[in-house]
Amino acid sequence: MTHPRLLAIDGNPVFCLDGSLDPGGPRIADRDAIRETYERAFLWDEAFAEGLRPPQIGATLSVLGYWTRGPTEPATVVMPTGTGKTDTMIAVFVAGQLQRLLVVVPTDALREQIADKFLSLGILPLRRLVKDSARMPVVGRVERGFKSVSSAREFAAVCNVVVATPNALAASSEEARTALLAAHTHLFVDEAHHIAAKTWNRLREMFGSKPVVQFTATPFRRDHRRLGGRSVYTFSLRQAQRLGIYSSIDYLPVTPRADTDLAIAQVAIARLREDLDSGFDHLMMARARSIAEATRLHALYCELAPDLEPQLLHSKVGAVARRSAFATMDARTSRIVVCVDMLGEGYDLPQLKVAALHDVHRSLGITLQFVGRFARTSDSVGPACVVAPRRPARLDENLRQLYQEDADWNLLIRDLSEGQVAEQEAVDEFESGFGDEGTALSVRNALPKMSAVVYRTECDHWNLAGLAELFTPEDLLTGQFVVNAEWHVLWFVTEDRQPVVWQGLATVEDVSHELYVFYWNEDQGLLYINCSANDGHYEAEAQALCGGGARLVRGTAVYRAMAALERRVPTTVGLLDSRNRWRRFTSHTGADVSEGFPQVEAQTKAQTNIFAVGYEAGRRVSVGASRKGRIWSYQSVPTLKHWVDWCDVMGARLIDESIDIEAVLAGFIRPEMLDAWPDLVALAVEWPVELAQVDPDSTVIELGADAVPLIFAELAIVEHVTGPPLVAVRTDGWEAQYRVDIDQNGMVVTPVGPDPVVRRARSSQTLSKLLGRRGFRILLEGDAVVEQPGVLLRPRRDLSPFDPERLQPVGWEGIDIRRESRGPSKDPACVQARALEHLLEEAWDVVVDDDGAGEVADLVALRRSGDALVVRLVHCKYSSKSSPGSRVDDFYELCGQAQKSARHRDDLYAMVERLIRREQHRSAAGRRTGIERGSVSDLYRLGDELSLLTVTIEIVLVQPGLSQSAVSDSVLHLLASTEIYVGEVGAATLYVHCSE
């Protein structure tokens, strides 16, 4: 909307719709006179009588009420997109009679939109929510930098409201920007989920302790950075839809394929035409990931629907072309717009009702905000619709729910948003328990390391007065203890000043600040203490707070904290020698940690501290424990509440008397540094993590002109013998080999012949160069592993042989046991064919023949039963002889495949996704399908349901060359070590199919 401007200062326009102003432009007196008309001008009775929506009334009252307390923290208001944040801002502005308001928004389009609304006071005059005497404010827009401090002050002096973007403010000099901010009394930040960004955060900090309100639909960020401030009001999506603010939202999933964009476009256009035929005034937006993609998609939409005149909008479209595009949409000669993010935050067009998501938002917050724009109700519009590819790769758990087929978006959008906001509110509720004591620091500055000393307590209540005797107010930078009485948590910061030792003047001092945090869990009877100095056990503080009965948890009991770690590997071990006074304490790291675990005969030595990494509930975690009484982790702590939650988990283990401490210590895998290959047979080889976790769509491996996606390349041991292994990288079209040696510098990978190139989105390098840094992960017999830089990880335990009674003989009539794979012709007389027959006799939802380079397994079967999902991975191997026997060579590769497949437990989503991608590539290449039962859609469905299910993994080894009656100890021991490995790494059960 275009308004006559009154003046411009350094190119920044000032507007006002009040016709009584002097034509020469507004003055300070005009600004003040306008504000005076707002005294008692807001008509609350009318506002409650359906003049404002409930969220607008609630947010306005909450902000005004919060300000009565004289807070120093910003207020955060959470209102879903479309519930009227801008009119809420205007209501607070008028009802609070704000003197000089600065509104900061993220985009130019939003700056113009909000400035226009403030100019007319939005809906307030239209719904008679203000007295007729209330005059329209003077509104300025900061569009470019100010040339001087005086011009910035002049601009601010004549305006009641100034609307700006961070980029426009940043264009001014530091002095001019500071002067502009200093001239305002209040700050509103719209779309406040940007506030954690550096520029936004600096603006807010420059505003100081003056009132700040953060308005947002999404109080959470993908990077988990905090908005800061105090949450004073939240209105949920569920409430918004109940009030009819949102229409229903339909979801049309499109199964990805070679031409997914075409399929999405066709479905979305068909829906738009259907809506138009039903008499709805609907528009459609197609969203792309980049300008290049948007340009390509625009051409596609022009080809499919030329009569709907698709428009193209992105950041490089000029102002004239942009206005023309919007004009055609306003006139309805155009019904489709293709964009990158031009119709994102702040764009207000309720008729946008069909969204084609060619690029799905990967942040839940942005997705909810984006979809919310399509769900706004208005006259002559119907239900919103979102068309998107089914479960895109590598999305977070919430988005997997959101994009699964048959998803009820009306329910999920509400539930997902409330789940995210509830997490934020749980933190806010915890932090609000500390009150607003006017301390120099906020509780959100109190971020202890994940560390604590722990005391057992016998008291019925804690004694804050006792602790206060140890610290005077003069000691405290916070001035006092900051206490959450309900949670029994307190924190404070001390300040200590000491003269420096290298000079005799009192003018230079060493100043140190330390954070103290205390948490008493009354139910556990434990007191947790954290101090940033990390230099003591704070016995005096513990007894002052919880009485003389407080006793430090120390000695070997602290090692219970590590009990939940599977396959735990120590990375640091401290060792104390009680007899050798010259070498009393030693610290061991890396492969040297084995020295920290003395043999039984070394009675003079004991571990003083252990730090280890391992797996817990499928996540790689770390835990450290010191016999002196400290536990710690290298995990990050985003809030104080997260530290409290961590303490609860660790404390429960420390007091669990059922945990056998000796078993915990005996369960460590002790690294051994190698200078030559161990006398063990290599079973299998795995990609380094850097390659194992790549995006399957963006990483290829090529040899000459033959390039294939990495998921179609596999690693294999060429010959299962002792000594340095020869590793093959295989695709269906070529093979490259590498020799893997170990010397004093670690693992050395050398190509033997051609050296393929690995290409990713922004880089390419030869495989040998990449592996020179990362190395392979080699799985050996005896449950052992070799990793870079030449470290052997081998559990120290004696395993009983695999029970021969558990071997399962099957019939092999009509099968050539020396032929393994079905191949393109689906050979019915091979080992894999018989294994498939047996699978198809059972009730499986999906059965996939995935045999080939890069396979998940030769055969993969999945079945849902109630709340459980059974995954069976079948590995087949031909017999090296025509008759069954007990040849350990027949099992080396088979057991290696089993151990590799156990790692799928780490990321079952990735496993299902890999099956889908490989099937799609087979289809695109014109090869036979691998789906023997079910469909790709069934794979998507099961993958989407994973988070709801308890997963059981079965690994089946099929080797007709093994005779149950003639099985040897060497085979049984190999099977035993394989069984323990797949059980610990993949929580999988091992089965063996053989001959009689």
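This is a short tour of a predicted model, stop by stop, with what to select and what is there.

**The whole chain**

Start with everything shown as cartoon. The secondary structure comes to 28 helices and 46 strands. Color by relative accessibility next: of the 996 residues, 55% count as buried. If you like contact maps, take the contacts with a separation of 6 or more; residues 24 or more positions apart account for 72% of them.

**Helices α3 and α4**

Select residues 54-67 for α3 and residues 85-95 for α4. Two packed helices are described by the angle between their axes and the distance between the axes. For α3 and α4, the axes come within 9 Å and cross at roughly 40°. That angle is why the two helices are oblique to each other. Their crossing is right-handed.

Now show side chains. On the α3 side, pick Gln56, Ala59, Thr60, Val63, Leu64 and Trp67; they meet Asp87, Thr88, Ala91, Val92 and Ala95 in α4. Sorted by type, the residues of this contact are seven nonpolar, three polar and one charged.

**On to α5**

Keep α4 on screen and add α5, residues 108-120. Here the axes of α4 and α5 come within 10 Å, with a crossing of roughly 45°. So α4 is oblique to α5. This crossing, too, is right-handed.

Which residues of α4 meet α5? Select Thr86, Asp87, Met89, Ile90 and Phe93; across from them in α5 are Ile114, Lys117 and Phe118. The residues of this contact divide into five nonpolar, one polar and two charged. Leave Asp87 highlighted for a moment: Asp87 is on the list for the contact with α3 and also on the list for the contact with α5.

**Salt bridges**

The structure holds 46 salt bridges, and a few make good stops.

Select Asp18 and Arg135, whose side chains meet in a salt bridge at 2.6 Å, N to O. Asp18 sits in the loop between β2 (12-15) and α1 (28-36), while Arg135 is in the loop between α6 (123-126) and β5 (139-142), so the pair ties together parts that are 117 residues apart in sequence. Is Asp18 buried or exposed? With a relative accessibility of 13%, Asp18 counts as buried.

Next, pick Arg128 and Asp132. Their closest N and O atoms are 3.4 Å apart, in a salt bridge, and both residues are exposed.

Then jump to Arg289 and Glu293, another salt-bridged pair, at 3.9 Å from N to O. Arg289 counts as exposed, at 55% relative accessibility, whereas Glu293 is partly exposed, with a relative accessible area of 22%.

For something beyond a single pair, select Arg822, Lys826, Asp849, Arg928 and Glu932. These residues are linked in a network of salt bridges.

**Last stop: His875**

Where does His875 sit? Look in strand β43, residues 868-876. His875 counts as buried, at 2% relative accessibility.

Show what His875 touches, leaving out residues up to four places away in sequence: Val856, Ala857, Asp858, Leu894, Gln897, Ala898, Ser901, Ile955, Val956, Leu957 and Val958. Reading along those numbers, you'll find the run Val856, Ala857 and Asp858 as well as the run Ile955, Val956, Leu957 and Val958.

Technical notes
Residues are numbered from 1 along each chain as its sequence is written. This is a predicted model: local features need pLDDT of at least 70, side-chain atom pairs count only at pLDDT 80 or more; totals for chains, interfaces and linings use all residues. Side-chain values use heavy atoms; hydrogens and water are left out. Axes are lines fitted to C-alpha atoms, for helices over the stretch in contact, and angles run from 0 to 180 degrees between N-to-C directions. Helices (H or I, at least four residues) and strands (E, at least two) are DSSP runs, numbered from the N terminus. Angles under 35 degrees count as roughly parallel, over 145 as roughly antiparallel, 65 to 115 as roughly perpendicular and the rest as oblique. A crossing is left-handed if the near helix is turned anticlockwise from the far one by less than a right angle, and right-handed if clockwise. Contact means heavy atoms within 4.5 Å. Ala, Val, Leu, Ile, Met, Phe, Trp, Tyr, Cys and Pro count as nonpolar, Asp, Glu, Lys and Arg as charged, and the others, Gly among them, as polar. Buried means under 20% relative accessible area, exposed over 50%, partly exposed in between (1.4 Å probe, protein chains only). A salt bridge is a side-chain nitrogen of Lys or Arg within 4 Å of a carboxyl oxygen of Asp or Glu.
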